[in-house]
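Here is a short report on one protein chain. It goes from the whole fold down to single residues.

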Amino acid sequence: MDICSLYKEELREIFSKRGEPSFRADQLFDWLHSKRVLEYSDMTNMPASIRNWLGDEYPIPSAQCIKRQISSDGTEKYLFSFADGNCVETVAMQYEHGMSVCVSTQVGCRMGCRFCASTQNGLVRSLTAGEMLAEVYEASRLTEKTADSVVLMGIGEPLDNFDQVIRFYDLITDERGYAMKNRSVTLSTCGLVPEIYELAKLKKQLTLSISLHAAFSEKRSSIMPVNLRYPMDDLMEACRSYVKTTGRRVSFEYTVIHGFNDGDEDAEKLASLVRGFQTHVNVIPVNEAGRGDFSATRKQAEIFAGKLTSLGVNATVRRTLGNDISAACGQLRRDTVETK
Ligand code: SAH
């Protein structure tokens, strides 16, 4: 595992095996996660002898920006490249309450959602916690801002990279590091049921969001193959259990595909599913640049959200940011991979 993916105790172990005092581990953690330098040579309070073996054995993961798009609304989208040449997308969004960074968790994805660009060419590999942190650290450097929140809604399925995503969460919320607030990390999943139970057991304070996108199980299966493995009833049961175990709320995402999942019966069924959840439904018009011939206008999404509201569901259409820079995740990487 790379050096930025390691917990402080694991760093201490490395130093103790070398016969070095444990405070060196704290210094190293501070350089990596608080000061966020990218070279051991910049760690001025670290003896050269230590910097040498660290440099030889533990390269510091970095996200190198190979494309940067800046939208008129201030949204920035990056194509970041890692040491092995694999690329992911990261988006930095400016809200009134601060900056939010949308982080990719895998290179590609194996979930196969039919409308999504990220999964088109399958999964290449999962990212390490250090690489996910590097996305946030580099976005902070480029924008010269500290992120107030992180959404794991970039390329990949976070729960398909469970251990590294948990490390990412623990490390980014470490008070001695980036010190993000516990509740400011949102994990979005297409619904890997066993991992939702695993996550609940850990009782983290992160915010869980479920990509539902259909209220009828068969309909959901037709656009999200994951529903064949973990049918919707099991998913909703896992959500109820998650709320009970963690005391946290779960929110839902619903991508409107006009003429497919935005009828009255869809709204009614969805309302019945989320009733009792004290929840919020994020309604999103499907981005046509995704995949397949799915479409919806913002207006159509608003009409659907209106139906939900009239049924007593707390629903809003998410502000669309970065429209002029193809900010829907997966597009930039796909376009780049395909034009190679
Ligand atoms: N794999 C996770 C997180 C990544 S996708 C998940 O499924 O939740 C982040 C969100 O974007 C998901 O809700 C996903 O369904 C949605 N999405 C993917 N392609 C889209 C498209 N073309 N238009 C609108 N939303 C899309």
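How much accessible surface does the protein chain have, and what share of it belongs to carbon and sulfur atoms? The accessible surface comes to about 14900 Å². Carbon and sulfur atoms account for 47% of it. Keep in mind that this is a predicted model.

**Overall fold**

The protein chain holds 12 helices and 12 strands. Its radius of gyration is 21 Å, close to the 20 Å that the globule rule gives for 340 residues, so the chain is as compact as a globular protein of that length. Along the principal axes, the C-alpha atoms fill a box of roughly 70 × 45 × 35 Å.

Of the 340 residues, 57% count as buried. Take the contacts between residues at least 6 apart in sequence: 66% of these join residues at least 24 apart.

**Charges and salt bridges**

The chain carries 41 positive and 45 negative charges. The mean positions of the two sets are 3 Å apart. The structure holds 17 salt bridges. Three of the pairs are set out below.

| Salt bridge | Closest N to O distance |
|---|---|
| Glu131 and Arg125 | 2.9 Å |
| Lys204 and Asp170 | 2.8 Å |
| Glu198 and Lys201 | 3.0 Å |

Start with Lys204 and Asp170, which form a salt bridge. This pair links distant parts of the chain, with the two positions 34 residues apart in numbering. Lys204 sits in the loop between helix H6 (193–202) and strand S9 (207–211). Asp170 belongs to helix H5 (residues 162–172). Both Lys204 and Asp170 are buried.

Glu198 and Lys201 pair within one helix. They are three residues apart in helix H6, so about one helical turn separates them. Glu198 is partly exposed, at 38% relative accessibility. Lys201 has a relative accessible area of 60%, so it counts as exposed, the cut-off being over 50%.

Which residues are linked with Glu131 in a network of salt bridges? They are Asp84 and Arg125. Glu131 has a relative accessible area of 9%, so it is buried, the cut-off being under 20%. Arg125 is partly exposed, at 21% relative accessibility.

**Helix H5 and its cover**

Is helix H5 mostly covered or mostly uncovered? It is mostly covered, with 10 of its 11 residues buried. Among the buried residues are Phe162, Val165, Ile166, Phe168, Tyr169, Leu171 and Ile172. Gln164, Arg167 and Asp170 are buried in H5 as well. Asp170 is also the H5 partner in the salt bridge with Lys204.

What covers the buried residues of H5? The cover includes the helices H1 (8–17), H2, H4 and H6. It also includes the strands S7 and S8 (185–189). H6 is also the helix that holds the Glu198 and Lys201 pair.

**Positive phi in two loops**

Two residues deserve a look at the backbone. Arg36 has a phi near 60°, a positive value in a residue other than glycine. Arg36 lies in the loop between helix H2 (23–35) and helix H3 (48–57). With a relative accessible area of 26%, Arg36 is partly exposed.

Glu144 is not a glycine, yet its phi is positive, at about 55°. Where is Glu144 found? Its place is the loop between helix H4 (129–143) and strand S7 (147–152). Glu144 has 74% relative accessibility, so it counts as exposed, the cut-off being over 50%.

**A buried alanine in H11**

Ala305 lies in helix H11 (residues 298–310). Is Ala305 buried or exposed? Ala305 is buried, with a relative accessible area of 5%. Leaving out residues up to four places away in sequence, Ala305 touches Val283, Ala315 and Val317.

How far is Ala305 from Tyr197? The two are 108 residues apart in sequence. In space they are 29 Å apart, C-alpha to C-alpha.

Technical notes: Residues are numbered from 1 along each chain as its sequence is written. This is a predicted model: local features need pLDDT of at least 70, side-chain atom pairs count only at pLDDT 80 or more; totals for chains, interfaces and linings use all residues. Side-chain values use heavy atoms; hydrogens and water are left out. Helices (H or I, at least four residues) and strands (E, at least two) are DSSP runs, numbered from the N terminus. The radius of gyration is taken over C-alpha atoms; the globule rule is 2.2 Å times the number of residues to the power 0.38. Buried means under 20% relative accessible area, exposed over 50%, partly exposed in between (1.4 Å probe, protein chains only). Contact means heavy atoms within 4.5 Å. Accessible areas come from the Shrake-Rupley method with a 1.4 Å probe; for residues, only the protein chains shown count as cover. Lys and Arg count as positive and Asp and Glu as negative; His and the chain ends are not counted. The place of a charge is taken as NZ of Lys, CZ of Arg, CG of Asp or CD of Glu. A salt bridge is a side-chain nitrogen of Lys or Arg within 4 Å of a carboxyl oxygen of Asp or Glu.
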